[in-house]
Amino acid sequence: MRFSCDTNELNASLSIVSRALAVRSPKPVLEGILFESCEEGLRLTCTDLALGIETTLAATVSEEGRAVLPGKLLCEIVRKLPGGNCDIAIGERMQATIRCASIRTTISGFDPVEYPELPQVAGESFSMPQNTLRDMIGRTLFAIAQDESRPILTGCLMEIGKSEMRVVALDGFRLALRREEIEGPEKDVSAVVGGKVLGDIAKILLDTQDPVSLCFSRSHVRLEIGPTHIVARLLEGEFIRYRQILPQEWQTRVTVDRAELGSAIDRASLIAREGKSNLVCFKVDGDLLDVTSNSETGDMEERIRVATEGKDLTIAFNVRYITDVLKALTDDQVVMRFNSNVSPCVICPTEGESYLYLVLPVRVFGA
């Protein structure tokens with residue numbers, strides 16, 4: 001096999017597919033990237049069996065064929081090459097010679113016969129803007145569980161109907177939910193995609209209105225993003241019935257400037273992190289919100305003017321859980337809804353239902 005292509009374009013394609021590169025796999029061939037000649041020029045494929053990525057790029061192919069080259073080493077080599085054209089020749093014994101400008105490098109590859117094919121995903125597909133899907137993933141992914149004891153919670157639940165899509169993540173201490181209106185499939189879809197996989201997908205999605213096509217089967221999801229195809233295995237198991245834990249009523253409703261609250265919590269965290277509990281306390285007193293923290297090192301208090309409906313309240317949270325939510329938001333103002341100092345806090349927009357975040361409080365004696 002022999003081909004030549006633009007070095008920068010090859011580097012960009014390698015950066016995409018290498019997100020599915022296996023690390024320390026019992027099958028060494030999975031630590032490689034499959035190169036194949038095709039109508040577009042060159043097809044690159046990479047898979048760790050949970051995630052598979054395939055993309056094409058323009059190339060001049062003088063000898064057709066297939067070969068698997070060591071992924072990590074090849075990516076590092078190409079990344080350090082100067083711009084311009086790159087020529088790669090691969091012999092029968094899978095030894096590749098890479099030439100660019102005055103540089104020549106030789107590396108050994110693997111037999112492509114052993115490389116697995118990506119799973120076929122059959123089903124009804126639908127499309128949505130890339131930036132919408134990227135935003136939905138980015139604003140929920142932080143709430144997945146890091147503990148592998150409940151594997152299903154290490155991913156995000158995707159619920160897709162004819163007119164609405166929901167992405168939900170929860171870890172037992174907080175919940176993140178994003179909603180978007182879309183033109184979905186005829187048949188409703190409910191699937192859980194692993195957090196690491198979603199993180200890799202989000203990095204490939206562009207911040208544009210260009211479409212991404214999605215197709216779900218019982219075990220896999222396929223995404224098509226321009227010349228790139230992604231196939232990911234779904235997580236098995238039953239996701240928590242999250243709708244049952246969302247409070248439908250509230251006793252206290254506070255509308256607050258998001259940036260002002262975020263800054264206050266950020267300052268309070270300087271003291272909170274010195275203590276064992278890492279707590280920040282909210283005291284709703286009429287149209288004032290006191291944000292306080294204390295530890296063995298000292299204490300901090302800041303007062304913010306808010307718009308309040310309902311009862312006064314004192315409640316405490318792990319500062320990181322509240323901070324994560326506020327970092328995921330861009331609205332000028334947000335609403336916090338409470339029922340008691342031991343019930344979850346709901347953070348939502350002032351209008352509409354595009355998102356909902358739920359954070360469990362920490363019981364504090366005397367609160």
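## A tour from strand β2 outwards

Select L34 first: its partner across the strand pairing is V68 in β6. Two strands count as paired if DSSP finds at least two bridges between them. Helices (H or I, at least four residues) and strands (E, at least two) are DSSP runs, numbered from the N terminus. This is a predicted model, in which local features need pLDDT of at least 70 and side-chain atom pairs count only at pLDDT 80 or more, while totals for chains, interfaces and linings use all residues. Residues are numbered from 1 along each chain as its sequence is written, and side-chain values use heavy atoms, with hydrogens and water left out.

**Strand β2 and its partners**

Extend the selection to β2 (residues 32–38) and β6 (residues 66–70), which pair in the antiparallel sense over five bridges. Now add β3 (residues 41–47): β2 pairs with β3 over five bridges as well, again antiparallel. C38 has G41 in β3 as its bridge partner, and two residues lie between β2 and β3 in the hairpin that they form. Six of the seven residues of β2 are buried, so the strand is largely enclosed by the rest of the structure. Buried means under 20% relative accessible area, exposed over 50%, and partly exposed in between (1.4 Å probe, protein chains only).

**The five-stranded sheet**

Next, select β5, β1, β7, β8 and β9; in that order they make an open sheet of five strands with antiparallel pairing. β5 (60–63) and β9 (103–108) are the edge strands, each pairing on one side only. On average, neighbouring strands of this sheet are turned by 15° against each other, direction ignored. Zoom in on β7 (residues 85–90) and β8 (residues 95–100), which run antiparallel and are joined by four bridges. I88 has I98 in β8 as its bridge partner.

Two helices come next. Helix α1 (residues 7–17) packs on the sheet, touching β1 (2–6), β7 and β8, and its direction makes about 95° with that of β1. Helix α2 (residues 71–79) also packs on the sheet, touching β8 and β9, and its direction makes about 175° with that of β9. Contact means heavy atoms within 4.5 Å; axes are lines fitted to C-alpha atoms, for helices over the stretch in contact, and angles run from 0 to 180 degrees between N-to-C directions.

**Nonpolar cores**

Which residues touch the most other members of the largest nonpolar core? Select F35 and F282: these two do so in a core of 102 residues. A nonpolar core is a set of buried Ala, Val, Leu, Ile, Met, Phe, Trp, Tyr and Cys residues joined through side-chain atoms within 4.5 Å. In soluble globular proteins, nonpolar side chains tend to be buried together. Leaving aside neighbours within four places in sequence, the contacts of F282 include L261, I265, L289, V291, F317, I322 and M336. Apart from the largest core lies another, of 17 residues, among them A145, L157, V168 and V346.

**Helix α6**

Select α6 (residues 319–327), where V319, Y321, I322, D324, V325 and L326 are buried. The elements covering these buried residues include α5 (258–272), β13 (174–181), β19 (279–285) and β23 (313–318). At the start of α6, a side-chain oxygen of N318 comes to within 2.9 Å of the backbone nitrogen of R320.

**Salt bridges**

The whole structure holds 22 salt bridges, a salt bridge being a side-chain nitrogen of Lys or Arg within 4 Å of a carboxyl oxygen of Asp or Glu. Three are worth a stop.

- Select D207 and R134, whose closest N and O atoms are 3.8 Å apart in a salt bridge. D207 lies in the loop between α4 (195–204) and β15 (211–216) and R134 in helix α3 (residues 130–138), so the pair ties together parts that are 73 residues apart in sequence. D207 is exposed at 56% relative accessibility, and R134 is partly exposed at 31%.
- Select R243 and E159, joined by a salt bridge with the closest N and O atoms 3.0 Å apart. R243 lies in the loop between β17 (228–233) and β18 (252–257) and E159 in strand β11 (residues 155–160), so this pair ties together parts that are 84 residues apart in sequence. R243 is partly exposed at 45%, whereas E159 is buried at 17%.
- Select E180 and R178, whose side chains meet in a salt bridge (3.1 Å, N to O). E180 is partly exposed at 24%, and R178 is buried at 6%.

To finish, select E36, R43, E54 and R66, which salt bridges with shared partners join into one network.

Methods
Polar contact = N/O pair within 3.5 Å; in protein donor to acceptor, adjacent residues only side chain to side chain.
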